[in-house]
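Thanks for making the time this morning. I would like to talk about aromatic rings and their surroundings, so please have a look at the model first.

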Amino acid sequence: MKEKHFQHKEWNSTSNSTSVYSYTSLAFMIESFSIPERSLKNQTLEPGMDNVGSIMDIVERFNNFDSLDDKMNRMKRKLIELESKEYDISEELKYAESLLLKKRKRSVENWLRNVESIKSQVQQIEQKVEERKWHTNLLLRNSVDTLITEVRELIEQSNFAEGLTLEAYENNREVALLTRKLVGQKFQQNKNMIWEWLMNDSISIIGIYGMGGVGKTTLVTHIYNQLCNHSGIFAFWFTVSQDGSIHKLQNDIAKTVNLDLSNENDERKRAAKLADALTRRNNCVLVLDDVWNHFLFENVGIPVGVGCKVILTSRSLEVCRRMDCQEKIKVEPLSHEESWELFMDKLGYGTELSCQIKGIAKSLVKECAGLPLGIISMAGCMREVDDICEWRNALVKLKECKGGHDDMKSEVFHVLRYSYDKLKDYPEIQQCFLYCSLYPEDYKIRRDQLIEFFIDERLIEMNDRQAELNRGHTILNKLENVCLLEGGTNYIGQKYVKLHDMVRDMAIQIAETSSPFMVEARVGLKDLPEEEKWKEDLVRVSLMRNNILNIPPTASPRCPRLLTFLLRGNCNITSIPDCLFAHMNRLNVLDLSHTNIETLPDSISGLRSLTCLLLRDCTRLKYVPSLVKLEALRRLDFYNTAITELPHGMEMLFMSSIYLQQKSRVQEILGLRKLETFKGQLHDINTLNAYVRSWDDGGPNNYLLLVGLGRLKSNFLYGKAVCLHQCNISKSIGGEDLLELPKDVMSLYIQQCHDVTSLCDVSSLKKTTKLRNCLIEGSNGMKRLICSSSCRLKLLRTLESIYLTDLMNLEVLIGTDGDAPLVIRKGTYFSCLKEFSIFGCPKVKSLFMPALLLNLQNLEKLQVHNCEEMVEIIADTSEEDKDWEATNMIIISSLHKLKDLRLGNLPNLKSFYNTRIKMSSDSLRHFTVVNCPKLKRIPLLDAASSSPPCLQKVRVQKNWWESLAWDHPNTKNVLQPFCEFFKEKKGNCS
């Protein structure tokens, strides 16, 4: 039809020389310009000028025509420019959003979507161009023109003069964690302390440690939630746990900070990328909860100190130390009051207990010993229980069953046992831990005695005793550091360890199943345990501190594997049948101390494996059978017994340690061979001198030598010690000293030696080079501790502890002869002194002169009690203090290591030091004042705005505290949270 129509409309021109186009040719040309067919169907072309104009329009369009390929190339160039803009914007957004500080604007999101849409359209056009036909060129050309225009517009829009992002603090902030409320003043103090450390730019790593279930995670959760609400700080929480690895921790951190490490396996490169991502945040805190093993932060990729801080929790102090924690805080169990508050809170709001049930409930809480996990678990078990029989049953099970209440055991013991299982590679340490469970509940076990047991039981075996002692202390330190043991120091400075009640129950449970123990210590026994409890596989038995009245004459437990039998503290036992030890041939340790036995059974002589026999404080004991067959015996303690002669056969033994109280003569002592430790009472001072002079090749490694009528004071003295009671020690006869002290003596106790006016009178002290501790008691002739004008004692530079008590005529610490001037130079006196205690010295008015403070740079503990005339601790300037002006400027930095200050019963004390002296209290931890009514200021604590950074406790009387005057009005409020007020006495209650 089309071809036929064209032929019918054929056009010829004869009036000019213009080329004649056939209609068919024109139609073809029009088709090539993509003119729609429908526009020509109803159009007729007649010869004439109008038709010539139409043709000219077409020709003009043809002349202005660009090829489709040229347009495609132009569009591709513009698209490359657009894609470059898109890449730059995407990278900038990625960086901003990785910091969690920004979020992209909606207009930017729309622009990016439009770019993606254009890129998709271009791909479609490219495909059509490749598949094009001759008649579609004009249509494609128009589409390309449109896309070029849109691409050009998107490029212009890419400038975003007002930026790509908005602030996004709130949207990207971590979500606060659910937790229970903090109970107790100590928890709040710990929280405040940790927050202060976090706000301190110089502190980057904080360690929180404590036993399992004590509340470490609860405490740090409160800190974390507070950080989450703090503008400008980004907090991240990661639980590390036992099976954690560096690779896993890296993945956890990367996920939190939107960093993809999936394609990177090299640990160092992963760490570098993490460090870069965290550094860019510039103000973040990472909480690492439940860290069991130490690692290097740089190996993980945590840039500590570069805008990044870390708080970690662990059961191990050692982990905190090895991870370089600048500040460490131990979470302690709750007090009785706080435990009860937590129990009632978890028991249920509004719960009211009857008086009878309340008493049982308090006993249940007491058994939990302040462990929050145990208290919460027990409260959950007893919630909505109103039957008193069920409460009584729970208490009986908790007391009698070492595993505790069934429902509580699985949860609490599971947590506690992690710390024990972690020591699986150290079976020696595990065994030493289990050994501690032999002692009664809440018993403070002296470290030195416990280590001796470890040695006796061959839990520690090394080449020499000193190495064994060192190893013992290392083991106990390890157990303390992982919070399986609690360490402490008693009032006379002696170190001890103890087991938390629930940890002890766990230890007994483990011991009873692994290496069978029978532990019935301080449980009120009046008879030996029933026969069925004496199993043949028993290894250790502890019946310490019971009320056993007598042992049946036929009692003969069949325990062939028994190594340890502890009967000490059963003071009602008066005799032991000979058959008791008949079936205990492998016994290593037998402790019968603090019993009322008069004789030891002859069967003792057959215990050939016995390494340790302890009879301390068996005050009625007079007879011990022959020890000649006890070839393994290494330690023997006869202290405070009625024995007057050494048992037969002792001279044949190679003893390592012996404790005697009877007045031993030189010949008896020298008969004991290879003694490593000797502690005993000597006949007189001549015996002491002769014994010391016999040490040509060196004496015992450890000794405690008592001369006189006093009792051994081993609680204060340790290592190498000499105790002198009612002796004349300051005079010489014929040029020979009355007293010959060992040159390596470390501790000296002088009691009621009235001929001494000062330490300078004891000439043999000039030869001592290692004296560390000096205790002087009841020596009424002493007027001054040392005489500055004549004293040349080396001990003044080595003493670490001085303890003065009941010196009725003591007036000053350092005095002079006659009118000689008192001159104190730096480093001459007490430069190593760490502890100074003075009790009951009524004539001392001032303790230290200002110039002496220069030498007290290492003083950590100061105790002053019952000194009625004491007016000031540090004296004001006086005529005698010639060096005061020269030292005035240096006094500012004195006592900077003082940690513990205790003042008590000082009725005339008016000041600690005068206002011209400035002292730092940065290291002070404990401050106690009681019955010092005239003391109205405590400048050591009177700071302007903050408490001493290490302060833990202020123990005072409330009325006195309220009466104090302060230079800075805010100080009292700052210190109030640390205050613990003494209870007011009511009748006999305290």
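Let me begin with a term: a residue counts as partly exposed when its relative accessible area falls between the buried range, under 20%, and the exposed range, over 50%. By that definition tyrosine 418, at 31%, is partly exposed, whereas tryptophan 292, with a relative accessible area of 10%, is buried. I should say that this is a predicted model.

In total the structure holds 17 aromatic pairs, and these two residues make up one of them: their ring centres are 5.9 Å apart and their planes stand at 75°, so the pair is edge-to-face. The pair links distant parts of the chain, 126 residues apart, with tryptophan 292 in the loop between strand S5 (284-289) and helix H12 (297-300), and tyrosine 418 in helix H18, which covers residues 406-421.

A second pair is formed by phenylalanine 678 and tyrosine 691, whose ring centres lie 5.7 Å apart with planes at 65°, so this pair is edge-to-face. Here phenylalanine 678 belongs to strand S18 (residues 677-682) and tyrosine 691 to helix H24 (residues 685-693), with these positions 13 residues apart in the numbering. Phenylalanine 678 is buried, at a relative accessible area of 0%, and tyrosine 691 is buried as well, at 4%. Together with Trp695 and Tyr703, Phe678 and Tyr691 form one aromatic cluster.

Finally, a word on charges over rings. Lysine 362 lies over the face of tryptophan 340, at 5.4 Å from the ring centre, and arginine 635 lies over the face of phenylalanine 453, at 5.3 Å from the centre of that ring.

Key
Residues numbered from 1 in each chain as written. Predicted model: local features only at pLDDT ≥ 70, side-chain atom pairs only at ≥ 80, totals over all residues. Heavy atoms only, no water. Phe/Tyr/Trp six-rings, centres within 6.5 Å; stacked < 30°, edge-to-face > 60°. Helix = DSSP H or I, 4+ residues; strand = E, 2+ residues; numbered from the N terminus. Buried < 20%, exposed > 50% of the residue type's maximum accessible area, 1.4 Å probe, protein only. Lys NZ or Arg CZ within 6 Å of the ring centre and 35° of its normal.
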